[in-house]
Amino acid sequence: MFTHSNSNNIVIAYTDNMKTMAHNAALELDSLGVDSITLNRVEMICFPSGEVKPKITENVRRKEVFLFFDFNGHPNDDIWNFLLTLDALHLAGAESITPVVPYLPYLRQDRKDEPRVPISAARLIRSIEQCASVKRLITIDMHADQLQAVFTIPVDHLPGRVVFTSWAKERFASKLDNLVAVAPDFGSAKRVRKLAADIGSDVKVAILEKERDKDGVEIHNIIGANVSGKICLINDDMIDTGGTLLKAIQALYQHDAKSVIASASHPVFSSKDGTSAYEKLIGGGAEIVVTDSLITESHDWLTVLPLHSYLAHVIFQHVTCDGSVSKLIMEGLPK
Ligand code: R5P
């Protein structure tokens, strides 16, 4: 069993919403032989004026800090809280900070899509990097792979497909030749092809031709594998208002899919025009599978796959100094 030569130096800091994920990741690391990890709560002190002051509750001087931080539904406040937390860790003398942020907001705003607007994704990334102690970042399924190019620090851009693959292999064990992996738009095609290949060589791929305008989402066409009579597994990076998914589910059923299951890494589940994504999807006729990158309501049609083990194995590669994250991604988590 491996023991980190200096595991007393490793701290897992966490916000209250990330407590369970952080504690479970620490337990997993312990079971991998990285003992003596210190867990350290970030207390968010709120003033009557609405201002906040994040406080790191234990000493982090010269520690290697993995900061589990969440962006649950209030992205603007959360970003400010996050930047202040990085500052608090830096000023407290952390040797290095690795934010572990399964979901990062604002990443869809990665270009100027109309005149006189910001590129918010790049602005956020630059703000994170302004904290000199941030040496690396760990995140799951950013909206586009190209966002890696904005970072000047190393990023572990982890594909959510690692958790969806092991779930799907178990779930569809004897029916893989009847399974079609579905990309809900062209931007998702590459990711979904990799998911299909990881699940099994029999799994075919279909791609939906989606168009979004100010009135919502339309699916014009289904390209690739025939979905008639098949079990369709949609995979998206996020469910926001649920508009994309609902239209994708409807299109697949209109083309005689036998059943539809939808998976997405980030359950943002926001409301639009007074209807929440939950309300929208409840009658959609599809089971939905997400990760716990964000907190969700509990529903019998919604399965939540935990990320702590995946994240712990990635952290393990770093703290042991001899592991390969890409090997982990290619081979999946050890049983
Ligand atoms: C779009 O490019 C993304 O990959 C998602 O499909 C989209 O952001 C989901 O948003 P909504 O649930 O609001 O349709």
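This report walks through the ligand site, the second largest pocket, the largest cavity and a handful of individual residues. The model is a predicted one, so please read every value below as computed from predicted coordinates.

## The ligand and its shell

A good place to start is the ligand. It has 14 residues around it, and those that come nearest are Asp-236, Asp-237, Thr-241, Gly-242 and Thr-244. Sorted by character, the residues of this shell are two nonpolar, five polar and seven charged.

Three elements each give the shell at least two residues: strand S9 (204–213), strand S11 (231–239) and helix H6 (243–254). Strand S11 makes the largest contribution, with four residues of the shell.

Some side chains come within polar reach of the ligand's oxygen atoms. The table sets out three such pairs.

| Residue | Atom in the residue | Atom in the ligand | Distance |
|---|---|---|---|
| Arg-212 | polar side-chain atom | oxygen | 3.1 Å |
| Asp-236 | side-chain N or O atom | oxygen | 2.6 Å |
| Thr-244 | side-chain N or O atom | oxygen | 2.6 Å |

On its own the ligand has 380 Å² of accessible area, and the protein covers 90% of that.

## The second largest pocket

Moving on to the open spaces, the second largest pocket has a volume of about 450 Å³. Its lining is made of 20 residues, and Val-162, Thr-165, Ser-166, Leu-333 and Lys-335 are the ones that lie nearest the centre. Helix H4 (161–171), helix H8 (308–319) and helix H9 (325–331) are the elements that give two or more residues to this lining. Of these, H4 gives the most, with eight residues. The lining as a whole divides into 10 nonpolar, four polar and six charged residues.

Helix H4 also holds Ala-168. Is Ala-168 buried or exposed? Ala-168 has a relative accessible area of 0%, and therefore counts as buried. Between the C-alpha atoms of Ala-168 and Lys-230 there is a separation of 15 Å, for a pair 62 residues apart along the chain.

## The largest cavity

How many cavities of 30 Å³ or more does a search of the whole structure find? The search finds one. The largest cavity has a volume of about 60 Å³.

Its lining is made up of Tyr-103, Leu-104, Leu-107, Thr-139, Ile-140, Asp-141, Met-142, His-143, Asp-237, Met-238 and His-266. Strand S6 (137–140) and strand S11 each supply at least two of these lining residues. By character, the lining has six nonpolar, three polar and two charged residues.

It is worth pausing on S11 here. This strand supplies at least two residues to the cavity lining and four to the shell around the ligand. Asp-237 likewise appears in both places: it is among the residues that come nearest the ligand, and it is one of the residues that line the cavity.

## Two residues with positive phi

Most residues other than glycine have a negative phi. Two residues in this model are worth a look with that in mind.

Ser-36 is not a glycine, yet its phi is positive, at about 60°. Ser-36 sits in the loop between helix H1 (19–31) and strand S2 (38–46). With a relative accessible area of 40%, Ser-36 is partly exposed.

Asp-273 has a phi near 50°, again a positive value in a residue other than glycine. The loop between strand S13 (271–272) and strand S14 (275–276) is where Asp-273 lies. The relative accessible area of Asp-273 is 73%, so this residue counts as exposed.

## Two more residues to visit

Gly-73 belongs to the loop between strand S4 (64–68) and helix H2 (75–91). Its relative accessible area is 60%, which means that Gly-73 is exposed. Gly-73 and Val-227 stand 154 residues apart in sequence, and their C-alpha atoms are 35 Å apart in space.

Ser-263 is a residue of strand S12 (259–267). Which class does Ser-263 fall into at 2% relative accessibility, buried or exposed? Ser-263 counts as buried, because buried means under 20% relative accessible area. The side chain of Ser-263 is joined to that of Asn-235 by a polar contact of 2.9 Å.

Definitions and conventions
Residues are numbered from 1 along each chain as its sequence is written. This is a predicted model: local features need pLDDT of at least 70, side-chain atom pairs count only at pLDDT 80 or more; totals for chains, interfaces and linings use all residues. Side-chain values use heavy atoms; hydrogens and water are left out. A residue is near a molecule or strand if one of its heavy atoms lies within 4 Å of it. A polar contact is a pair of N or O atoms within 3.5 Å; within protein, one must be able to donate a hydrogen and the other to accept it, and residues adjacent in sequence count only if both atoms are side-chain atoms. Accessible areas come from the Shrake-Rupley method with a 1.4 Å probe; for residues, only the protein chains shown count as cover. Ala, Val, Leu, Ile, Met, Phe, Trp, Tyr, Cys and Pro count as nonpolar, Asp, Glu, Lys and Arg as charged, and the others, Gly among them, as polar. On a 1 Å grid over the protein atoms alone, a cavity is a set of points where a 1.4 Å probe fits but cannot get out, and a pocket is an open set with protein on both sides within 12 Å along at least five of seven lines; lining residues have an atom within 4 Å of a point. Grid points are joined across faces, edges and corners, and a volume is the space filled by probe spheres set on the points. Buried means under 20% relative accessible area, exposed over 50%, partly exposed in between (1.4 Å probe, protein chains only).
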